[in-house]
Amino acid sequence: MSAIQQRKRKRVVPIEEACIGCRLCEVACVTEHSRSKDPVRAFKEENPRPRPRNVLEERGHESFSLSCRHCTEPHCVDACIAGAMVRDSETGRVIHHPEKCVGCWSCVMNCPFGAIHMDRERSVIYKCDLCPERERPACVDACPNRALILIEVEE
Amino acid sequence: MGYVIIGNCIAAVGAVEGIRRHDTRTPITILSKEPYPAYGRPLIANYLKGKVAESEIALRSPDFYESHGVEVHLGCPATTIRTGQRQVVAEGGMAFPYERLLIATGGDPFLPPIAGLEGPNVHTFVTLDDAKALRQEAPSLRRVVVVGGGLIGLKAAESLHDLGIQVTIVELADRILSLAFDEVAGRLIAHRLSEIGIQIITENTVEEILRQRDGTINGARLKDGNILACDAVVVAIGVRPNIAVVEGTEIQTQRGILVDEYMETNVPGIYAAGDVAEAKDWHFAEWRVVPIWPNAYRQGMVAGQNMAGQRISFSGSIPMNSIAFYGIPTISVGVTNPPDDGSYEVHISLTEEEKSYRKLVFKDGTLVGAVLVGRVERAGILTGLIREKRPAEGFKEALLKEDLSYLDLPRPLRKEKLGLPTEEVPFGVRAG
């Protein structure tokens with residue numbers, strides 16, 4: 001057990017006014033979560049093709065990129081019957097273990113942002129993991145317009 | 001001295017995680033009736049049909065108890081609480097002193113007075129041991145009668161059917177899933193189960209279990225006189241709060257153990273959470289036992305934090321279920337069968353051939369319930385509105401769309417939920 005301390009949590013914030021709906025965030029997400037880490041190969045060759053874990057919400061001139069908020073009180077964790085969705089108390093990330101997921105969609109039912117997506121063929125969910133191998137998530141780095149920014153939240 | 005938790009399912013896990021947010025030192029003791037580390041109870045249906053192994057159903061990693069400073073006693077049911085001495089006594093007589101106590105004993109399956117119920121081949125379907133007993137017996141079973149057409153009964157029926165067993169569900173009400181779902185959703189699921197080959201009999205019940213001379217089951221006699229040939233019976237008509245441990249104490253009970261909004265009982269320092277607790281409902285101005293999974297975790301989390309000295313209020317139990325039957329995902333949240341008093345407004349969209357159904361229930365302009373069958377993508381946006389009681393005036397119709405998006409919510413709400421909180425420090429903004 002570690003002592004309790006004030007921690008900083010990473011969070012990706014969409015800036016609606018700056019989003020032009022280019023979907024580069026989705027391309028970056030697919031590439032980052034591909035085997036090849038190459039966008040052309042990821043889209044053209046990999047099977048199954050990785051799916052974007054963010055969603056570009058778009059209607060007319062309005063758009064923004066939405067991904068898992070990594071909530072402090074994550075309702076998806078409340079709902080998970082398989083122990084597949086857990087909150088890491090050290091980093092504050094909400095982590096999904098696909099090998100434990102049974103595709104019951106309870107987290108889909110309980111995520112108030114609709115940020116958890118269904119892979120119905122494989123009967124598992126997928127969602128933003130904040131790119132654990134990177135300092136900044138790939139979507140944030142890819143956004144040409146600073147419509148996605150990474151902040152740190154004190155808890 | 002320290003924390004004692006009676007019970008070892010999801011409410012207990014929530015409580016441990018809640019306590020450790022604020023107190024990393026004081027020891028926690030868990031007394032578990034079952035001999036297993038906390039497991040995903042709904043997964044017993046997957047276990048029965050052989051889709052997951054026993055080793056795969058644990059809710060947390062193997063080092064969970066150790067890393068959270070929990071001394072867990074498996075196979076050690078609590079029998080009494082001595083509130084005066086602040087002690088829990090377990091089977092065998094060992095006493096465990098507590099400073100703060102959580103009762104998370106869950107529910108026990110209810111067994112109706114059916115003639116012939118005592119004896120072999122009768123099963124309940126709540127615990128891993130129940131599933132193990134059924135799985136062991138399954139190879140010798142050809143026909144099984146499931147008493148009760150609720151979620152547990154249907155899941156047991158589905159798993160038995162997948163094992164090649166002929167299954168008949170007998171339900172007292174005029175439709176299956178009458179509690180969790182509405183009439184249309186119940187019909188769509190019933191139709192799907194019939195297509196698969198599971199027989200459903202409604203407005204009927206098993207009055208007598210028929211046994212051969214050696215005691216084994218060979219049939220079930222129904223209320224209407226018909227006899228169903230079968231080799232086993234699964235009773236799944238509901239669970240009742242397991243309040244035995246508080247009998248003889250001053251801890252108040254009605255259906256379950258009564259708790260205030262901090263999940264504390266009338267006895268200071270003693271809390272209850274999960275299927276055993278009777279807590280504030282999120283919508284109706286009453287106290288209810290709402291025995292569903294997310295509720296149990298949340299109540300445990302709130303209780304645990306309060307046991308560790310916080311003062312966090314439980315926002316109220318919301319009934320909700322997400323369950324798939326043979327590829328049809330099905331979600332129900334909140335008030336799904338509104339009282340017919342004219343104060344509820346119901347919006348429906350139904351595509352029967354595609355087995356797609358959406359029903360939204362509003363009261364005073366606020367979403368209070370939803371039923372989705374078929375397309376359940378992003379259902380949580382609805383659940384969020386239901387939980388927070390957000391007025392939906394101006395965007396009701398948008399919520400009925402199958403391709404519901406967060407953009408369908410009003411801009412001020414989006415900003416509040418997604419925008420940059422002013423006190424936060426921007427970090428990693430790309431140099432322009």
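## Tour: a helix crossing, an interface, a chain

Start at helices α1(B) and α7(B): their crossing is right-handed. Keep in mind that this is a predicted model.

**Stop 1: the helix pair.** Select residues 10–22 of chain B for α1(B). Then add residues 293–307 of chain B, which form α7(B). Two packed helices are described by the angle between their axes and the distance between those axes. Here the angle is about 35°, and the axes lie 6 Å apart. Now show side chains. On α1(B), the residues meeting α7(B) include B:Ile10, B:Val13, B:Glu17 and B:Arg21. On the α7(B) side, look for B:Trp293, B:Tyr297, B:Met301 and B:Gln305, among others. Colour this contact by class: 14 residues are nonpolar, seven polar and three charged.

**Stop 2: the side of chain B that touches chain A.** Bring chain A into view. In this interface, 44 residues of chain B are in contact with 35 residues of chain A. Select α7, β22 (320–325), β23 (328–334), α8 (379–388) and β27 (425–426) of chain B; each supplies at least two residues of this side. Which element gives the largest share? It is α8(B), with five residues. By class, this side of chain B has 24 nonpolar, 14 polar and six charged residues.

**Stop 3: chain A.** Hide chain B. Chain A has five helices and eight strands. Trace them from the N terminus: β-α-α-β-β-α-β-β-α-β-β-α-β. Along the principal axes, the C-alpha atoms fill a box of roughly 45 × 35 × 30 Å. The radius of gyration of chain A is 16 Å, which agrees with the value near 15 Å for a compact globule of 155 residues. Colour by burial: 46% of the 155 residues count as buried. Finally, take contacts in chain A between residues at least 6 apart in sequence; 59% of them join residues at least 24 apart.

Definitions and conventions:
Residues numbered from 1 in each chain as written. Chains lettered and ligands numbered in written order. Predicted model: local features only at pLDDT ≥ 70, side-chain atom pairs only at ≥ 80, totals over all residues. Contact = placed C-beta atoms within 7 Å. Helix = DSSP H or I, 4+ residues; strand = E, 2+ residues; numbered from the N terminus. Nonpolar A, V, L, I, M, F, W, Y, C, P; charged D, E, K, R; others polar. Axes fitted to C-alpha atoms, helices over the stretch in contact; angles between N-to-C directions. Left-handed = near helix turned anticlockwise from the far one by under 90°. Rg over C-alpha atoms; globule rule 2.2 N^0.38 Å. Buried ≥ 20, exposed ≤ 12 C-beta atoms within 10 Å, placed from the backbone.
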